Amino acid sequence: MKKLFVKTYGCQMNAYDSARMADLLAPLGYVQADGPDGADMVILNTCHIREKAAEKVYSEIGRLRVLKAQKAEGGGRMLLAVAGCVAQAEGEEIVARAPAVDLVVGPQSYHRLPEMIARFSREGGHTLAADFPALEKFDALLETKETGISAFLTVQEGCDKFCTFCVVPYTRGPEHSRAPQAVLDEARHLVDLGARELVLLGQNVNAYNGGGWSLAKLCEALAKIDGLQRIRYTTSHPNDMSDDLITAHRDNDKLMPYLHLPVQSGSDATLEAMNRKHRAADYLRIVDRLRAARPDIALTSDFIVGFPGERDADFEATLQLVRDVGFATAFSFKYSKRPGTPAAALRSQVAEDVKSARLEALQALLGRQQHDFDDGQIGRTLPVLFEKPGRKTGQLVGRTPYLQPVHVEAPSAMIGQLASVRVERRTANSLHGSLV
Ligand code: SAH
Ligand code: SF4
Ligand code: F3S
């Protein structure tokens with residue numbers, strides 16, 4: 001038995017990929033460990049979305065080098081692999097800069113890990129795999145062995161949109177959808193293993209077009225799986241928010257009234273410079289249509305402040321859009337230059353203190369909206385899907401349709417079940433309630 005530690009950075013797709021890598025290595029005798037101490041293999045599954053992410057990886061490699069040396073002193077060996085988007089974007093540089101790294105593997109090449117490990121064991125040196133054979137990857141990955149109540153399922157990968165700030169089209173490659181049958185098979189398998197909620201993943205999940213099926217059609221087929229209670233999907237692009245998907249939020253009972261729909265900015269000038277290909281008004285119209293179809297739908301979003309050329313008036317337009325929509329929660333970031341992306345070369349970069357002030361103002365507004373949204377649930381009775389034990393004995397944690405965690409006194413046999421919960425109060429980050 002060998003110990004494997006996978007450390008995951010970045011988005012949910014990386015979390016999904018980490019689990020698949022562990023599945024893939026299990027037949028080689030690798031069992032997952034909680035930390036790197038004494039591990040026979042460590043995989044850093046990296047994210048390249050913001051500057052500091054890559055630096056964090058290099059400092060993590062520095063720490064692991066010490067453990068690797070200790071292991072070698074004891075006559076053992078610790079294999080160190082860097083996977084994910086940093087591996088894809090700067091594989092060669094990692095090999096040059098961090099000799100402690102044995103394997104570098106990009107997101108579309110995970111299925112090659114066993115072969116790479118074997119080759120490394122035979123020949124030593126560094127092995128790098130960072131091309132985009134997207135079609136092979138899913139076919140070659142093994143079935144999952146275990147799942148939580150809520151399970152990620154990648155249905156689409158890659159992006160052809162090329163927003164001018166973003167590295168994803170370069171690290172994940174072109175848009176590619178999995179065949180519906182493959183998704184349905186994996187979904188049934190996950191439900192057999194105990195999953196009750198599926199979160200369909202894709203960098204542009206609503207651009208899904210596997211076998212000519214839309215995402216709405218895929219969700220309709222998934223909803224027929226017995227035992228599956230809830231379907232969610234993330235991340236969506238406004239321009240792919242099709243009529244049938246909006247209608248599915250009305251007609252598909254298992255599709256949750258919750259949508260992560262990044263807008264990035266409320267200013268048309270900034271949106272244009274970002275190459276988002278939609279205006280603020282388009283976004284508001286989509287929100288109106290969603291709310292007409294499903295009045296209780298909760299919306300969340302991503303925002304970038306301080307994009308090159310963003311003036312006070314542009315930022316004010318973002319605040320106005322936030323006030324107009326009212327978000328349940330949202331992520332907001334300072335623009336960060338990514339090498340190789342068009343926006344990084346723009347000369348109109350915004351000063352750091354201006355970015356910080358804007359981020360603070362935006363987060364204050366979004367924070368108030370989140371509290372209002374959460375407080376709005378107090379006194380309501382909501383269906384809650386119980387996922388795991390809470391910190392206190394006798395307590396379970398579940399989620400509302402709007403993804404809010406709720407702590408409830410309930411027997412552990414209710415894990416995996418949906419039950420009506422009356423929401424009673426809110427603490428900093430979660431709701432508390434009791435079974436009805
Ligand atoms: N595919 C998704 C999001 C991918 S990245 C979409 O189209 O919205 C997740 C989020 O990171 C983005 O929505 C964006 O808000 C943020 N992000 C991406 N690149 C960034 C950069 N260079 N600087 C700051 N934030 C960035
Ligand atoms: Fe990045 Fe834009 Fe593609 Fe989203 S749509 S992954 S932000 S390029
Ligand atoms: Fe990061 Fe790659 Fe995901 S850059 S956000 S891990 S797609």
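These legends walk through several close-up views of a predicted protein model with its ligands.

**View 1. The protein is divided into three stretches of chain, each a domain.** Following the numbering, domain 1 covers residues 2-133, domain 2 covers 136-375 and domain 3 covers 381-435. Keep these bounds in mind as you go through the views that follow. The C-alpha centres of domain 2 and domain 3 are 26 Å apart.

**View 2. Domain 2 and domain 3 meet at an interface.** How many residues of domain 2 are in contact with domain 3? There are 16, and they face 17 residues of domain 3. The size of an interface is often given as the accessible area lost when the parts come together. Here, about 1400 Å² is buried between domain 2 and domain 3, with carbon and sulfur atoms giving 56% of that area. Three residues are worth finding on the domain 2 side: I149, R230 and D374 together supply 39% of the area that domain 2 buries against domain 3, more than any other three residues.

**View 3. Polar contacts and a salt bridge cross from domain 2 to domain 3.** The count of salt bridges between these two domains is 1. D375 forms a salt bridge with R426, and their closest N and O atoms are 2.6 Å apart. Across the interface, 9 residue pairs are in polar contact. Which elements give two or more residues to the side of domain 2 that touches domain 3? They are β11 (230-234) and α13 (352-375). The largest share, 4 residues, comes from α13. Sorted by class, this side of domain 2 has 6 nonpolar, 3 polar and 7 charged residues.

**View 4. A salt bridge joins K71 and D40.** The side chains of K71 and D40 meet at 3.1 Å, N to O. This pair links distant parts of the chain, for K71 sits in helix α2 (residues 51-73) while D40 is in the loop between β2 (30-32) and β3 (41-46), 31 residues apart. In the whole structure, a search finds 28 salt bridges.

**View 5. Ligand 1 has 15 residues around it.** Those that come nearest are F165, Q203, Q264, D302 and S336. A polar backbone atom of Q203 is 2.7 Å from a nitrogen atom of ligand 1. The side chain of Q264 also takes part, with a polar atom 2.7 Å from an oxygen atom of the ligand. At D302, an N or O atom of the side chain is 2.6 Å from an oxygen atom of ligand 1.

**View 6. Ligand 2 and ligand 3 each have a shell of residues.** What surrounds ligand 2? Look for C159, K161, F162, C163, F165, C166, V168, P169, N204, H237 and R276. This shell divides into 7 nonpolar, 2 polar and 2 charged residues. Around ligand 3 you will find C11, N14, T46, C47, H48, I49, C85, R172 and Q203. The shell of ligand 3 has 4 nonpolar residues, 4 polar ones and 1 charged one.

**View 7. Two spots in the backbone deserve a careful look: T234 with T235, and Q264.** Most residues other than glycine have a negative phi, and most peptide bonds are trans. The bond joining T234 and T235 is a cis peptide bond, with omega about 5 degrees. T235 belongs to the loop between β11 and α9 (243-251). Q264 is not a glycine, yet its phi is positive, about 75 degrees. You can find Q264 in the loop between β12 (258-260) and α10 (268-273). This is the residue whose side chain places a polar atom 2.7 Å from an oxygen atom of ligand 1.

**View 8. A330 is found in strand β14 (residues 329-334).** Which residues does A330 touch, not counting those up to four places away in sequence? They are S301, F303 and L366. For a sense of distance, try finding G194 as well: A330 and G194 are 136 residues apart in sequence, and their C-alpha atoms are 30 Å apart in space.

Notes. Residues numbered from 1 in each chain as written. Chains lettered and ligands numbered in written order. Predicted model: local features only at pLDDT ≥ 70, side-chain atom pairs only at ≥ 80, totals over all residues. Heavy atoms only, no water. Near = heavy atom within 4 Å. Nonpolar A, V, L, I, M, F, W, Y, C, P; charged D, E, K, R; others polar. Domains from an automatic or database assignment. Contact = heavy atoms within 4.5 Å. Buried area = accessible area lost by both parts, 1.4 Å probe. Salt bridge = Lys/Arg side-chain N within 4 Å of Asp/Glu carboxyl O. Polar contact = N/O pair within 3.5 Å; in protein donor to acceptor, adjacent residues only side chain to side chain.
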